[in-house]
Amino acid sequence: QVQLVESGGGLVQPGGSLRLSCAASGSIFSIFVMGWYRQAPGKQRELVARITRGGNRNYADSVKGRFAISRDNAKNTVYLQMNSLKPEDTAVYYCKDWPNDAWGQGTQVTVSS
């Protein structure tokens, strides 16, 4: 089994930055892809970004050029650097892995003045 724990959320003003972290434990050798989803109130959960063990990355169109996903395999941790944040980025952000389909508990990101 894989366990994921997110951290780094909070309140930030529009245009600001935050960095989220997701630490994996357990059967980490089985993890191939790690990524971030988000869910805003009243909306479906959506994929934000993901990264393979080899470093290949994919981003949602809405965050391209503003967010950057990275991975430290030695620390079993994936990061999401979020820049130029907008109010519409407000959501609970979840970490996920493939193929185990483990989810973290979520961390709240609020972008507001």
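This report walks through the disulfide, the salt bridges, some backbone details, the surroundings of Lys96 and one sheet of the structure above. Please keep in mind that the model is predicted.

**The disulfide**

Let us start with the cysteines. The model has one disulfide, and its partners are Cys22 and Cys95, with 2.1 Å from S to S. Cys22 belongs to strand E3 (residues 18–26) and Cys95 to strand E9 (residues 91–98), so the bond ties together parts that are 73 residues apart in sequence. The torsion about the S-S bond is about -85 degrees, so this disulfide is left-handed. Are the two cysteines buried or exposed? Cys22 has a relative accessibility of 0% and therefore counts as buried. Cys95 is buried as well, also with a relative accessible area of 0%.

**Salt bridges**

Next come the charged side chains. In general, side chains of opposite charge can pair when their charged atoms come close. This structure holds five salt bridges, and the table lists some of them, including the N to O distance of each pair.

| Salt bridge | N to O distance |
|---|---|
| Arg38 and Glu46 | 2.7 Å |
| Lys64 and Asp61 | 3.1 Å |
| Arg66 and Asp89 | 2.7 Å |

How far apart in sequence are Arg66 and Asp89? They are 23 residues apart, and their salt bridge links distant parts of the chain. Arg66 sits in the loop between strand E6 (57–59) and strand E7 (67–72), while Asp89 sits in the loop between strand E8 (77–82) and E9. Both Arg66 and Asp89 are buried.

The pair of Arg38 and Glu46 has a buried and a partly exposed member: Arg38 is buried at 7% relative accessibility, whereas Glu46 is partly exposed at 35%. In the pair of Asp61 and Lys64, Asp61 is exposed, with a relative accessibility of 66%. Salt bridges also link Arg38, Glu46, Arg66 and Asp89 in a network.

**Backbone details**

A few spots along the backbone deserve a look. Where is the cis peptide bond? It joins Trp98 and Pro99, with omega at about 10 degrees. Pro99 itself is found in the loop between E9 and strand E10 (107–111).

Two residues other than glycine with positive phi values can be named here. Asn76 has a phi near 55 degrees, and its place is in the loop between E7 and E8. With a relative accessible area of 25%, Asn76 is partly exposed. Ser84 has a phi near 50 degrees and lies in the loop between E8 and E9. Ser84 is partly exposed too, at a relative accessible area of 41%.

**Lys96 and its surroundings**

Strand E9 also carries Lys96. Is this lysine buried or exposed? Its relative accessible area is 6%, and since buried means under 20%, Lys96 counts as buried. What does the side chain of Lys96 make a polar contact with? The partner is the side chain of Asp101, at 2.9 Å.

Setting aside neighbours within four places in sequence, Lys96 is in contact with Leu4, Val33, Met34, Gly35 and Tyr37, and also with Asp101, Ala102 and Trp103.

**An open four-stranded sheet**

Finally, let us turn to a sheet. Strands of a sheet pair through backbone hydrogen bonds, either parallel or antiparallel. Here, four strands form an open sheet in the order E1-E3-E8-E7, and the pairing is antiparallel. Which strands stand at the edges? They are strand E1 (2–7) and E7; each has a single partner strand, so one side of each is left without a neighbour in the sheet. On average, and with direction ignored, neighbouring strands of this sheet are turned by 15 degrees against each other.

Within the sheet, E3 and E8 pair in the antiparallel sense over six bridges. Ala23 stands opposite Thr77 in E8. Strand E3 brings us back to the start, as Cys22 of the disulfide lies in this strand.

Methods:
Residues are numbered from 1 along each chain as its sequence is written. This is a predicted model: local features need pLDDT of at least 70, side-chain atom pairs count only at pLDDT 80 or more; totals for chains, interfaces and linings use all residues. Side-chain values use heavy atoms; hydrogens and water are left out. A disulfide is a pair of cysteine sulfur atoms within 2.5 Å. Buried means under 20% relative accessible area, exposed over 50%, partly exposed in between (1.4 Å probe, protein chains only). A salt bridge is a side-chain nitrogen of Lys or Arg within 4 Å of a carboxyl oxygen of Asp or Glu. A polar contact is a pair of N or O atoms within 3.5 Å; within protein, one must be able to donate a hydrogen and the other to accept it, and residues adjacent in sequence count only if both atoms are side-chain atoms. Contact means heavy atoms within 4.5 Å. Two strands pair if DSSP finds at least two bridges between them. Axes are lines fitted to C-alpha atoms, for helices over the stretch in contact, and angles run from 0 to 180 degrees between N-to-C directions.
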